[in-house]
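This report describes a protein model with a bound ligand. Please consult the sequence and coordinates alongside the text.

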Amino acid sequence: MFAINSYVQAKTLTEALRYKQAKPKARWIAGGSDLLIQIREGKLAGADLIAIRDIPEMSGITLDEEENIHIGPLSTFGQIAANPIIQSRIPLLGRAVDQAGGPQLRNVGTIGGNICNGATSADSGASLFVLEAVLVLSRLDQEGQLVNEEKEIGSFYLGPGRVDIAPDQILTDIYIPKEKYQNFFGHYTKYSMRNAMDIATLGCAVYARFSDDLSRIEEVRLAYGVAGPTPSRCPAAEKALVGMQPGDEAFRQLGRLALAEINPRDSWRASRAFRLQLAEELAYRSGLACFEEARLVKASGGRQAAAPQEAAALKAEPGLKQEAEQAAPGFGDERRWFMSCTVNGRPVEVAVDNRESLADMLRNQLGLTSVKKGCDVGECGACTVLVDGKSIDSCIYLARWAEGKHILTTEGLRGAENELSIVQQAFIDEAAVQCGFCTPGLIMTATEIVDSGRLYSREELRRLISGHLCRCTGYQNILNAVEKAAGLEK
Ligand SMILES: Cc1cc2nc3c(=O)[nH]c(=O)nc-3n(C[C@H](O)[C@H](O)[C@H](O)COP(=O)(O)OP(=O)(O)OC[C@H]3O[C@@H](n4cnc5c(N)ncnc54)[C@H](O)[C@@H]3O)c2cc1C
Ligand code: FES
Ligand code: FES
């Protein structure tokens, strides 16, 4: 059980804000991948939670009539990386958030949570700084009317773990004005000790606009994560590059000049000296990568314009609802919750405790002990199950969130004649199992891969299973098994 004092789940923005008026110290919870860990670690034990994950107005990625990009704060890293508006207009951000955690985490972690937890290492941070994103913070006034305040991301971070949001406010929109992204090319480089499941030792984003003939830098923006207590820009270095010829010399200079504007610290991950060296090198490499992309785009006849219907279709999504509800809601009096969902193809009705993780519910109430608990903090992947076809770490996913969803565990993979699934069989054939503790989780991720019907290279498969730790088999046999299963007809 998580040490949660009370929990409510809001269905509309107004409802969420009314809950907050009733209990100002309560915390918003979206994907929970930061908050539940802090509760588990005791830092936020006893918290009151207001879940905002089901509020439709705060989801989705849209273009408005002026072609400003609006990103709902509940958009997960996975949704952002796969979104066509992001891919065609600000691919920098999609690529940055695609480097966060592992696949299971990217299915639950939201961009709103990533910003609002105030971490300097947030993978969206440096990119949103160079995009000069604008944040919309909403609250209810005394008459119950919605009041929106806009804040530039550059002034949102106050210090480690602290952002400029009042207790009665909630982040409802992140938007990138068209003039801030049009004709820019960007690159984010994350340096971390592992390629997955590790936060940045240093993150660096460069965003640049060049003259038509690519002979001059017209504007460049440079931002870092983990080069100080909050993400930060380097305005003097940026200014010095305007008018220079893009290339080796200019971007080396960008890196050198940036050193005077950052202040990284020593930590167990890396020394200050190493971070300074990284900062210089990553600015250079990221700058060159922007220029290389600009050259490629120019050589191929310009950027693909977004299809006109893309803007039209996506614009239609509703904006924030303005109407306030009359009655102030009760708070946190629904500790046990009767929930219907489908588990391994069977409809299930179960009473869950609001503090219970899905892993605990599946193991303790339904006896599905293939769901292993290794770390219990989202790091090892042993508890992976599929929720509506997507892999998640069920140890940091509240059971309550599975309401109305389809859950699949390894127990549900056997066929009508009790035969093993092709993934299970492939794990046996390729000797991809020793103690077996990590195996059910890996099998679920492999099942998601196979069910996608897509073909992947071995490198891509390696990345797709990077949210799992195995301490005895080694990854070669596991990869062989996944590759074998993914190449077979179902
Ligand atoms: C194993 C593991 C690996 C990770 N790796 C990375 C990584 O590589 N890179 C990285 O950047 N992060 C990483 N994280 C951190 C985390 O996944 C991200 O910060 C994620 O984006 C948090 O989003 P969430 O929706 O889960 O936030 P939650 O935990 O729900 O919330 C986080 C904070 O934001 C507040 N909040 C959430 N939404 C709003 C809103 N709309 N308005 C106001 N406040 C809000 C909450 O009150 C809370 O204080 C990792 C976490 C884990 C567990
Ligand atoms: S990730 Fe859930 S038990 Fe380790
Ligand atoms: S088989 Fe033992 S941890 Fe993977």
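The sections below cover confidence, the ligand shell, the sheets and one helix pair.

**Confidence**

The model is predicted. The chain has a mean pLDDT of 92, and 93% of its residues reach 70 or more. Residues 305-328 are a stretch in which pLDDT stays under 50, and for these residues the model has 39 contacts beyond four places in sequence. Where pLDDT is low, the predicted coordinates should not be read in detail.

**The shell around ligand 1**

Ligand 1 is surrounded by 33 residues, of which Gly-31, Ser-33, Gly-109, Gly-113 and Asn-114 come nearest. By class, the shell comprises 17 nonpolar, 12 polar and 4 charged residues. At least two shell residues are supplied by each of strand 2 (27-29), helix 2 (35-40), helix 7 (111-116) and strand 10 (170-176). Helix 7 provides the largest share, with 4 residues.

**The parallel sheet**

Strand 2, which contributes to the ligand shell, also belongs to an open sheet of 3 strands in the order 1-3-2, with parallel pairing. Strand 1 (4-9) and strand 2 stand at the edges with a single partner strand each, so one side of each lacks a neighbour in the sheet. Neighbouring strands of this sheet are turned against each other by 30° on average, direction ignored. Strand 1 pairs with strand 3 (residues 47-51), and within this pair Tyr-7 stands opposite Leu-49 of strand 3.

**The antiparallel sheet and the hairpin**

A second open sheet consists of 4 strands in the order 11-12-13-14, and its pairing is antiparallel. Its edges are formed by strand 11 (185-191) and strand 14 (232-233); each has a single partner strand, so one side of each is left without a neighbour in the sheet. Strand 12 is joined to strand 13 by bridges, and the bridge partner of Gly-203 in strand 13 is Gly-225.

Strand 17 and strand 18 are likewise joined in the antiparallel sense, with Thr-384 opposite Asp-393 in strand 18. The hairpin of these two strands has 2 residues between the strands, and Asp-388 takes a positive phi near 50° there.

The table lists three strand pairs with their bridges.

| Strand pair | Sense | Bridges |
|---|---|---|
| Strand 1 and strand 3 (residues 47-51) | parallel | 5 bridges |
| Strand 12 (residues 202-210) and strand 13 (residues 217-225) | antiparallel | 8 bridges |
| Strand 17 (residues 384-387) and strand 18 (residues 390-393) | antiparallel | 4 bridges |

**Helix 11 and helix 12**

Two packed helices are described by the angle between their axes and the distance between the axes. For helix 11 (residues 248-258) and helix 12 (residues 272-299), the angle is about 145° and the axes are 7 Å apart. The crossing of helix 11 with helix 12 is right-handed. Helix 11 contributes Phe-251, Arg-252, Leu-254, Gly-255, Arg-256 and Ala-258 to the contact, where they meet Ala-279, Glu-280, Glu-281, Ala-283, Tyr-284, Gly-287 and Leu-288 of helix 12. The residues of this contact divide into 7 nonpolar, 2 polar and 4 charged.

Helix 12 also connects this packing to the antiparallel sheet: helix 12 lies across strand 11, strand 12 and strand 13, and runs at about 35° to strand 12.

Methods: Residues are numbered from 1 along each chain as its sequence is written. Chains are lettered from A and ligands numbered from 1 in the order in which they are written. This is a predicted model: local features need pLDDT of at least 70, side-chain atom pairs count only at pLDDT 80 or more; totals for chains, interfaces and linings use all residues. A residue is near a molecule or strand if its C-beta atom, placed from the backbone, lies within 6 Å of it. Ala, Val, Leu, Ile, Met, Phe, Trp, Tyr, Cys and Pro count as nonpolar, Asp, Glu, Lys and Arg as charged, and the others, Gly among them, as polar. Axes are lines fitted to C-alpha atoms, for helices over the stretch in contact, and angles run from 0 to 180 degrees between N-to-C directions. A crossing is left-handed if the near helix is turned anticlockwise from the far one by less than a right angle, and right-handed if clockwise. Two residues are in contact if their C-beta atoms, placed from the backbone, lie within 7 Å. pLDDT is the predictor's confidence in each residue, from 0 to 100. Two strands pair if DSSP finds at least two bridges between them.
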